[in-house]
Protein chains: 2
Amino acid sequence: MRHVYQRELEEVGCDLARMTVMAGAALRAANTALLSADLYAARAVIAGDQELDVARAARDNKTFQVVACQQPVAGDLRLLLAALQISANAERMGDLAVHVAKVACLRFPQCAVPEGLRGTIEAMGDAAVQLADQAAEAVEARDLYGARAVEKHDDTIDRLHRRLYAEITDSDQAWPVRTAIDLAQLDRCYERFADHAVLMARRLEFVVTGTADA
Amino acid sequence: MRHVYQRELEEVGCDLARMTVMAGAALRAANTALLSADLYAARAVIAGDQELDVARAARDNKTFQVVACQQPVAGDLRLLLAALQISANAERMGDLAVHVAKVACLRFPQCAVPEGLRGTIEAMGDAAVQLADQAAEAVEARDLYGARAVEKHDDTIDRLHRRLYAEITDSDQAWPVRTAIDLAQLDRCYERFADHAVLMARRLEFVVTGTADA
């Protein structure tokens with residue numbers, strides 16, 4: 001029985017990392033669809049999100065069963081409770097990738113991002129995807145240093161957010177209202193996506209050190 | 001020992017309901033501050049959010065202790081695991097109220113909401129606050145019918161969201177870009193606030209029926 005339990009615990013990190021990688025891949029695909037105004041690619045991101053929802057439900061179910069049957073304590077219990085929160089973060093990151101894809105769909109055949117703002121949007125998207133990949137690695141390896149690197153890297157997103165907001169509201173450049181709203185929504189998606197990666201990292205800190213934070 | 005445990009379980013619903021009521025009150029205050037361009041009231045909402053963060057940390061800590069010490073099973077375990085998620089929802093609702101207050105601060109001494117859109121923004125804010133109050137009642141009483149009413153009531157927000165979006169992008173009315181972005185952000189705050197209330201209701205369903213959903 002005991003080695004079954006050990007395997008169940010090891011599975012937690014793998015499942016959560018896999019879900020986080022899925023969310024990162026979804027955002028990467030959504031960004032490409034957005035910047036290339038590719039309707040089919042955007043629709044594929046929207047349809048693909050179901051897989052992440054299913055993975056989350058399956059993971060939470062397993063977590064619940066392990067807590068109920070094995071009555072874990074201390075570090076194991078912390079891991080399992082944090083797993084419920086981390087899986088929710090990963091699912092929500094997938095939802096945010098879907099939002100980006102939806103903006104691409106809404107403006108097809110036009111590109112939702114005007115030429116002059118492509119650089120900032122691309123950089124934000126890349127930074128958000130990179131955070132997801134870093135968070136996935138840290139979660140799988142229960143790596144505190146990796147978790148702290150995620151929190152630090154989040155500054156890049158903040159900086160890009162300020163730059164984008166200044167570009168959108170630049171009074172010399174009259175963006176159509178619809179464009180401005182699209183960009184503000186995209187900005188918010190990347191920011192929230194990154195926030196969820198940071199929350200994951202904080203929860204990992206709680207698993208490893210036992211110090212509650214997020 | 002047993003009656004201590006029972007009291008601990010009863011506390012869960014009370015704490016979660018109290019936190020949800022706090023989030024609803026924060027949004028109500030933020031809406032008033034927003035529509036009356038009241039800087040002091042908006043700042044009070046921002047400062048007051050800490051109380052909700054502290055309440056969430058305290059609740060999660062207690063939940064963790066009860067799971068660790070009492071090794072609950074079945075419905076009790078479901079309640080405690082759902083409590084971790086519901087407390088996260090309530091905290092996030094508080095953060096969204098803060099966002100509304102921040103929009104009010106950014107535009108002071110102007111009002112961020114132009115005259116012609118006050119009606120829709122006010123209605124969205126009221127509907128979101130009402131959902132929080134309904135969710136709080138349902139959580140406290142573990143009331144399935146109340147939980148289902150929350151899910152149903154969410155349609156009002158969706159309808160208002162569509163109306164607001166049409167009003168913002170109305171091509172006869174050239175809103176300044178900054179105003180359009182503010183309104184899109186407010187719209188998103190109310191929608192997400194309502195989403196969290198609905199997630200609470202779904203988790204309550206899981207607590208009562210054992211059927212996983214959200």
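Ala37(A) sits in the loop between helix H1 (2-35) and H2 of chain A. Helices here are DSSP runs of H or I with at least four residues, numbered from the N terminus. Ala37(A) has a positive phi of about 45°, although it is not a glycine. The residue is buried, with a relative accessible area of 19%. Buried means under 20% relative accessible area, exposed means over 50%, and partly exposed lies in between (1.4 Å probe, protein chains only).

This is a predicted model, in which local features need pLDDT of at least 70, side-chain atom pairs count only at pLDDT 80 or more, and totals for chains, interfaces and linings use all residues. Residues are numbered from 1 along each chain as its sequence is written, chains are lettered from A and ligands numbered from 1 in the order in which they are written, and side-chain values use heavy atoms, with hydrogens and water left out.

Chain B has its own entry for this position. Ala37(B) lies in the loop between helix H1 (2-35) and helix H2 (39-70) of chain B. Its phi is positive, about 45°, although Ala37(B) is not a glycine. Ala37(B) counts as buried at 17% relative accessibility.

Most residues other than glycine have a negative phi, and most peptide bonds are trans. The cis bonds are listed here.

| Cis peptide bond | Omega | Place of the proline |
|---|---|---|
| Phe108(A) and Pro109(A) | about 5° | loop between H3 and helix H4 (118-141) of chain A |
| Phe108(B) and Pro109(B) | about 5° | loop between helix H3 (74-107) and helix H4 (118-141) of chain B |

Now the interface. The contact (heavy atoms within 4.5 Å) takes 32 residues from chain A and 33 residues from chain B. Phe64(A), Ile181(A) and Arg188(A) supply 20% of the area that chain A buries against chain B, more than any other three residues. The area buried between the two chains is about 2900 Å², and carbon and sulfur atoms give 62% of that. Buried area is the accessible area (1.4 Å probe) that two parts lose on being put together, summed over both.

The rule finds 0 salt bridges across the interface of chain A and chain B. A salt bridge needs a side-chain nitrogen of Lys or Arg within 4 Å of a carboxyl oxygen of Asp or Glu. On the side of chain A that touches chain B, the elements giving two or more residues are helix H2 (39-70), helix H3 (74-107), helix H5 (144-168) and helix H6 (177-209) of chain A.
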